[in-house]
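Me: Please take a close look at a single part of this model, the place where its two halves meet. I would like one connected account of it.

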Amino acid sequence: MTVGGGARSSGTAVVVGSGPNGLAGAITLARAGLRVTVVEAADQVGGGLRSAESTLPGLVHDHCAGFHPLAVDNVFSRTVDLAARGVEWLRAPYEMSHPLLGGRGAVVSGTVAETAAGLGDDAAAWTRLFGRVADRMPTTLDEFGQPVLHLPRHPVDLALFGLRAAPPADVVARTFRRPETRALWLGITAHGFRPPSAPFTSAVGIALGAAAQQVGWPVVRGGSQVLADALVAELASYGGSVETGRRVTDLGELGGADVVLLDTSPRDAGRILGDRLAPRLRDRYAEWRHGVGAYQLALAVDGGVPWTHEPSRSAAVVHVGGEAGPLAAAARDVRRGRVPAHPFVLVGQQAMADPARGRGTVVPVDAYAHVPVGCEEDLTDRVLDELERYAPGLRERIVAMTVRPPAEVERQGINYVGGDISTGATFLDQLLLGPRPGRSPYPTGVPGVYLCSSATAPGPGAHGLCGYGAASAALRDLAD
Ligand SMILES: Cc1cc2nc3c(=O)[nH]c(=O)nc-3n(C[C@H](O)[C@H](O)[C@H](O)COP(=O)(O)OP(=O)(O)OC[C@H]3O[C@@H](n4cnc5c(N)ncnc54)[C@H](O)[C@@H]3O)c2cc1C
């Protein structure tokens with residue numbers, strides 16, 4: 001992705017929203033010479049990068065994004081000296097694990113060779129799947145922010161990725177002999193929120209799995225908020241500023257800025273732009289679908305989670321959902337709007353990488369289950385029951401808990417409509433075509449206004465690439 005050719009621009013820009021994409025877009029515009037203000041609805045900057053003492057004083061929980069496989073080395077993050085701004089990436093002994101009943105399970109380690117060594121008969125198949133793509137992941141990722149049809153700068157990397165990404169995840173799972181390896185693979189692909197029989201469901205598994213075995217699934221020392229604050233400091237170094245506690249409801253409030261980036265959901269963008277949008281795009285924004293909700297539990301756990309599968313105790317992320325059959329059933333149920341009997345739960349154990357997040361023997365644990373979007377049922381017991389199957393005795397160790405059902409997830413992060421942490425980008429048509437089918441996903445058709453949230457390419461994750469892509473498009477338009 002190229003940014004405005006290095007040419008200096010002048011004028012003003014307003015970025016609505018201070019999530020990783022808003023901040024990445026703001027920095028990119030400010031560095032090019034625009035006077036940038038970020039306007040944020042919440043009282044705290046960072047969107048999905050916020051951290052807080054959600055359970056007990058002294059226990060740092062990541063509100064949303066805790067793990068940063070796609071942020072460490074990408075075309076945007078390479079432009080910022082994050083280390084100089086206080087960001088330190090920390091990795092746990094294992095990047096992720098997938099426990100099964102009876103103390104069985106499998107883990108992803110820091111390299112393909114290390115992971116494969118733990119997978120017995122499946123070592124060769126695992127190496128075939130990830131061996132040639134892991135090292136190429138950063139440059140492959142650089143291609144993802146481009147329109148679907150573009151001339152790739154790294155065609156071999158993209159081709160290797162594409163060949164592996166195209167099949168449904170369950171077809172790839174069948175190349176493994178052991179149930180542990182099948183579950184490990186399907187747990188990674190479940191981050192895409194789609195049933196494993198759907199086309200292209202391997203793409204998320206390859207991207208996240210390859211990154212795990214290359215840069216890892218690191219956490220930020222002290223919490224993801226440190227990354228948000230570093231981005232704000234970078235913006236300030238170019239003269240940009242952030243105003244919090246102000247929700248933008250109409251473009252007219254922004255005082256005729258030359259460039260406006262909207263780090264908002266497409267539906268909110270539709271409301272902000274109103275009749276200025278062409279009717280077809282107004283309809284597409286208004287009808288933007290939100291797929292899967294998150295039911296979040298922030299836990300303070302004395303002594304950590306007592307996983308029966310010993311290696312899971314030192315993994316950064318634990319995927320709970322059992323073997324291939326139950327994983328697929330849970331994903332299908334959620335897509336049909338039903339609460340699964342055994343929901344898929346992602347458990348973040350940031351303290352395994354960053355022990356200072358805890359207090360004495362009590363550690364913060366951040367879990368969320370995949371549930372139907374907008375689900376209003378009280379599922380706390382069901383989620384805890386699911387965790388207890390793999391970690392009996394967990395309940396007795398919980399000393400404090402904060403529950404965020406989907407409605408609360410949306411209240412605290414307004415882009416996550418119905419608790420959809422992907423901002424709708426997981427339906428195949430939406431994922432491939434974006435909010436505005438055409439060459440670039442970012443322009444809204446309203447002069448100078450661009451959508452830059454994770455509803456646009458390359459999609460969900462706290463990587464900033466959507467913001468960088470939108471700002472780059474704006475700078476190119478300014479230069480024309
Ligand atoms: C529970 C959970 C766990 C996650 N885990 C991970 C993870 O481990 N790793 C990872 O990479 N990703 C993870 N994600 C996803 C990641 O957080 C998002 O993909 C990412 O934050 C999207 O960035 P964004 O800038 O597009 O939007 P957001 O981060 O949501 O930021 C948007 C910001 O814009 C503001 N805003 C929106 N509309 C307006 C308006 N009209 N006026 C003013 N302000 C507005 C919002 O208040 C918000 O601050 C997780 C998300 C959740 C919820």
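Reply: What follows describes the interface between the domains, then the ligand site and two backbone details.

The model is a predicted one. The chain is divided into domain 1, made of 2-66 + 223-288 + 423-479, and domain 2, made of 89-218 + 291-412. Taken over C-alpha atoms, the centres of domain 1 and domain 2 are 27 Å apart. To the contact between them, domain 1 gives 26 residues and domain 2 gives 36 residues.

The size of an interface is often given as the accessible area lost when the parts come together. Between domain 1 and domain 2 the buried area is about 2,400 Å², and carbon and sulfur atoms account for 55% of it. On the side of domain 1, Leu59, His63 and Thr426 supply 21% of the area buried against domain 2, more than any other three residues.

Polar interactions also cross this interface. The rule finds 1 salt bridge between domain 1 and domain 2. Arg357 forms a salt bridge with Asp62, and their closest N and O atoms are 3.0 Å apart. In addition, 10 residue pairs are in polar contact across the interface, with both residues at pLDDT 80 or more. Among the elements of domain 1, β4 (61-62) and α16 (428-433) each supply at least two residues of the side that touches domain 2. The residues on that side of domain 1 divide into 12 nonpolar, 11 polar and 3 charged.

The ligand is a separate matter. There are 34 residues around the ligand, and Asn21, Glu40, Gly48, Phe67 and Asp263 come nearest. Asn21 places a polar side-chain atom 2.8 Å from an oxygen atom of the ligand. Gly48 and Phe67 approach with backbone atoms: a backbone N or O atom of Gly48 lies 2.7 Å from an oxygen atom of the ligand, and a backbone N or O atom of Phe67 lies 2.7 Å from a nitrogen atom of the ligand.

Two backbone details remain. Most residues other than glycine have a negative phi, and most peptide bonds are trans. The peptide bond from Ala457 to Pro458 is cis, with omega near 0 degrees, and Pro458 lies in the loop between β16 (449-451) and α17 (465-479). Phe193, which is not a glycine, has a positive phi of about 65 degrees. Phe193 is found in the loop between α7 (179-189) and α8 (202-212).

How values were computed
Residues numbered from 1 in each chain as written. Predicted model: local features only at pLDDT ≥ 70, side-chain atom pairs only at ≥ 80, totals over all residues. Heavy atoms only, no water. Domains from an automatic or database assignment. Contact = heavy atoms within 4.5 Å. Buried area = accessible area lost by both parts, 1.4 Å probe. Salt bridge = Lys/Arg side-chain N within 4 Å of Asp/Glu carboxyl O. Polar contact = N/O pair within 3.5 Å; in protein donor to acceptor, adjacent residues only side chain to side chain. Helix = DSSP H or I, 4+ residues; strand = E, 2+ residues; numbered from the N terminus. Nonpolar A, V, L, I, M, F, W, Y, C, P; charged D, E, K, R; others polar. Near = heavy atom within 4 Å.
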